[in-house]
Amino acid sequence: MASVHESLYFNPMMTNGVVHANVFGIKDWVTPYKIAVLVLLNEMGRTGEGAVSLMERRRLNQLLLPLLQGPDITLSKLYKLIEESCPQLANSVQIRIKLMAEGELKDMEQFFDDLSDSFSGTEPEVHKTSVVGLFLRHMILAYSKLSFSQVFKLYTALQQYFQNGEKKTVEDADMEPASREESERKMEKEELDVSIREEEVSCSGPLSQKQAEFFLSQQASLLKNDETKALTPASLQKELNNLLKFNPDFAEAHYLSYLNNLRVQDVFSSTHSLLHYFDRLILTGAESKSNGEEGYGRSLRYAALNLAALHCRFGHYQQAELALQEAIRIAQESNDHVCLQHCLSWLYVLGQKRSDSYVLLEHSVKKAVHFGLPYLASLGIQSLVQQRAFAGKTANKLMDALKDSDLLHWKHSLSELIDISIAQKTAIWRLYGRSTMALQQAQLLLSMNSLESVNAGVQQNNTESFAVALGHLAELHAEQGCFAAASEVLKHLKERFPPNSQHAQLWMLCDQKIQFDRAMNDGKYHLADSIVTGITALNSIEGVYRKATVLQAQNQMSEAHKLLQKLLIHCQKIRNTEMVISVLLSVAELYWRSSSPTIALPVLLQALALSKEYRLQHLASETVLNLAFAQLILGIPEQALSLLHMAIEPILADGAVLDKGRAMFLVAKCQVASAASYEPLKKAAVLEAAIENLSEAKNYFAKVDCKEQIRDVVYFQARLYHTLGKTQERNRCAMLFRQLHQDLPFHGVPLINLL
């Protein structure tokens, strides 16, 4: 279950995905690209309303804003963008730029002189206060301030810009028709969204103030909503370094660098960028201007708080605690209750392994409600529910608490917390073994739309909650034998969360676990052993448990027992109850496979008590199956059969396909063993019922391709058919058994030697 406190990072640069970059000293200046945009605007003003259709005019208007705010792009790319919106106007712009670039310097001078006419007249083409009007006025003013030598350099740059564009156009014209169509389709897909791609950031010089603000706001928004559309970590860092080279005191660029380094788990660079952000924020006086004398102290305490969050994220809990103490001290001196509430929440995160941590969490929720902080209050409720779920509280009480938090979410439009709440419900139902309810909640989250407005073409809800829900969905499908559907879900996860994204480890672990289970079912233990390395890298506890499972399957009992005992002690220490029960079941299996079922019984009873106490239905059912199995080995099949009736219903309702097959297989074994003393007619009827149960078990095992279990099933079927005198059916099962037996290694304890 994912931590619900991942969203507690203080982000002073973003409000609803918008960056406030007010600290920048570079103003707008004229570039060849901006001259091309000015030509486009001039041609749009000169073209009559009848010459351009309404749809073309609308597409041009939608294109203007990213062109005005975005970084400089190549001329050929600009032509293609205009041509997609209005081919007629693209031709006019191309001719106009060609005449200017191949003419003389006075042509450019005349062009800028004519721009002022756009504001003249009783009904001017452009209003002075509009977005286009402000852009025109900035360009006219910037051009008028240039010296003659600067004007000449600008004209030379315009000629070079035009020549490079012409070369690119000629290269595109020489392309094969098929490849050209393919590249056009690719270009159209990339250009329909207005996000900045790597090839668009082609400006080698410093960006202007508006371009820098637009670049930062868009990249920060994409990192939050759809990381796949943002620049790659290396490309984004390169552009940020370019920005900081021309203005080292640009605080918001340091913060975006901090977020970018978090993507690649670079603790040194992220700490460096975070400290630089708050240093620059204090040096520029931005906080002082907005908050008076309080601004300096505010920056210091939030710097310490963010540093604590950063250390906590990387597992440096001692350093996080020291930074948090510093933040609390400064916040108390300034009487900043909001900062203190954030500190209180992080105090819980650092001390959540303690038995009394729920007291701290309840106090945090009450204080957050008192100070009107719905975001923190809801996060506190989510964490409280998560803690109570691990403590074994009933599901109805947890869902009631989540319902109260959902009211807060919808009231305050907290979209991110709505997603977290649904993902939390999915994980809780999965923890309690209710796969149907977990599946329903996961699909509910996937069908939701974000409440936040994002740009066209940007994936919504690319958050940790969706990664968790999709991971559960893939595992649930794999448990039911729907491996094709699970592969499709994982494929979508890989596209939505690439390997270099911050939430990629979630689907990587799901993928490795599914591959491991399939290899074990197929009897390919060497392949499963190689997968264990990948699982251990992502989750050490899960990796050790899977390694013990492989050793046990390979009959290396002593090595498996040592590993399981170490893991049991560790899990009991960190209070990982779910893994403790799983380890106890594996230890019990080791005992009965070593012909010591009496030693396994106390271990199984301990596992059953824990699973009942913490209401883990899936593990409780699995424990009951193991108890019935132990009773069968001890020679009391009647009691084993009555015990199975307790567990069979929840297993068939919510259990995995493999567990369903094991349950039906065990029922058939108990029926056969209990029928040994029956009269011939009654015994024959019981054996017929056992054969039907075996056929059902075989169908379940076939869904997950569990060849070893299918081999055992057909062996028992052959024995039963032989007892009933059905020679043809016996021979068919015997032939199938022989084929499987030759392909698979044989080991294990025979359950029934006499029929």
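**Notebook: a helical chain, place by place**

I began at Q219, where a polar atom of the side chain lies 3.1 Å from the backbone nitrogen of L231. The model I am reading is predicted. Next I looked up where Q219 sits: it is in helix α9, residues 209-225. I then asked whether Q219 is buried or exposed. Its relative accessible area is 0%, so I logged Q219 as buried.

**Whole chain**

I stepped back to the protein chain. I noted 35 helices and 2 strands. The chain has 755 residues, and 51% of them are buried. I looked up the accessible surface next: about 36,100 Å² is exposed, with carbon and sulfur atoms supplying 53% of it. Then I checked contacts with a sequence separation of 6 or more. Of these, 67% join residues 24 or more positions apart.

**The core**

Which residues have the most contacts inside the largest nonpolar core? I wrote down I428, Y432, V583, L644, L666 and F701. That core has 108 residues. As a general reminder to myself, nonpolar side chains tend to be buried together in soluble globular proteins. I picked L644 for a closer look. Setting aside neighbours within four places in sequence, I found L644 in contact with L625, A628, L666, V667 and C670. L666 therefore appears twice in my notes: it is on the list of residues with the most contacts inside the core, and it touches L644, a contact being heavy atoms within 4.5 Å.

**L274**

I moved to helix α12, residues 267-284, which holds L274. L274 has 0% relative accessibility and counts as buried. What does L274 touch beyond its neighbours within four places in sequence? I listed Y255, Y258, N306, L307 and L310. I followed up on Y258, which is 16 residues from L274 along the chain. Their C-alpha atoms are separated by 5.6 Å.

**Q88**

Q88 was my next stop, in helix α4, residues 87-102. I noted a relative accessible area of 45% here, so Q88 is partly exposed. I also paired Q88 with V52. The two are 36 residues apart in sequence, and 8.2 Å apart from C-alpha to C-alpha.

**A helix pair**

I then turned to helix α22 (residues 464-479) and helix α24 (residues 504-521). For two packed helices, the description is the angle between the axes and the distance between the axes. At what angle do α22 and α24 pack? I have about 10°, with the axes 9 Å apart. Angles under 35 degrees count as roughly parallel, and α22 and α24 are therefore roughly parallel to each other. I listed the residues that make the contact. From α22 they are E464, A467, V468, G471, A474, E475 and A478. From α24 they are L506, C510, K513 and I514.

**Two positive phi values**

Last, I looked at backbone angles. Most residues other than glycine have a negative phi. Phi of N335, however, is positive, near 60°. I placed N335 in the loop between α15 (317-334) and α16 (337-350). N335 counts as exposed, at 52% relative accessibility. D705 also has a positive phi, near 55°, and is a residue other than glycine. I found D705 in the loop between α33 (680-703) and α34 (707-724). Its relative accessible area is 35%, so I entered D705 as partly exposed.

Definitions and conventions
Residues are numbered from 1 along each chain as its sequence is written. This is a predicted model: local features need pLDDT of at least 70, side-chain atom pairs count only at pLDDT 80 or more; totals for chains, interfaces and linings use all residues. Side-chain values use heavy atoms; hydrogens and water are left out. Helices (H or I, at least four residues) and strands (E, at least two) are DSSP runs, numbered from the N terminus. Buried means under 20% relative accessible area, exposed over 50%, partly exposed in between (1.4 Å probe, protein chains only). Accessible areas come from the Shrake-Rupley method with a 1.4 Å probe; for residues, only the protein chains shown count as cover. A nonpolar core is a set of buried Ala, Val, Leu, Ile, Met, Phe, Trp, Tyr and Cys residues joined through side-chain atoms within 4.5 Å. A polar contact is a pair of N or O atoms within 3.5 Å; within protein, one must be able to donate a hydrogen and the other to accept it, and residues adjacent in sequence count only if both atoms are side-chain atoms. Axes are lines fitted to C-alpha atoms, for helices over the stretch in contact, and angles run from 0 to 180 degrees between N-to-C directions. Angles under 35 degrees count as roughly parallel, over 145 as roughly antiparallel, 65 to 115 as roughly perpendicular and the rest as oblique.
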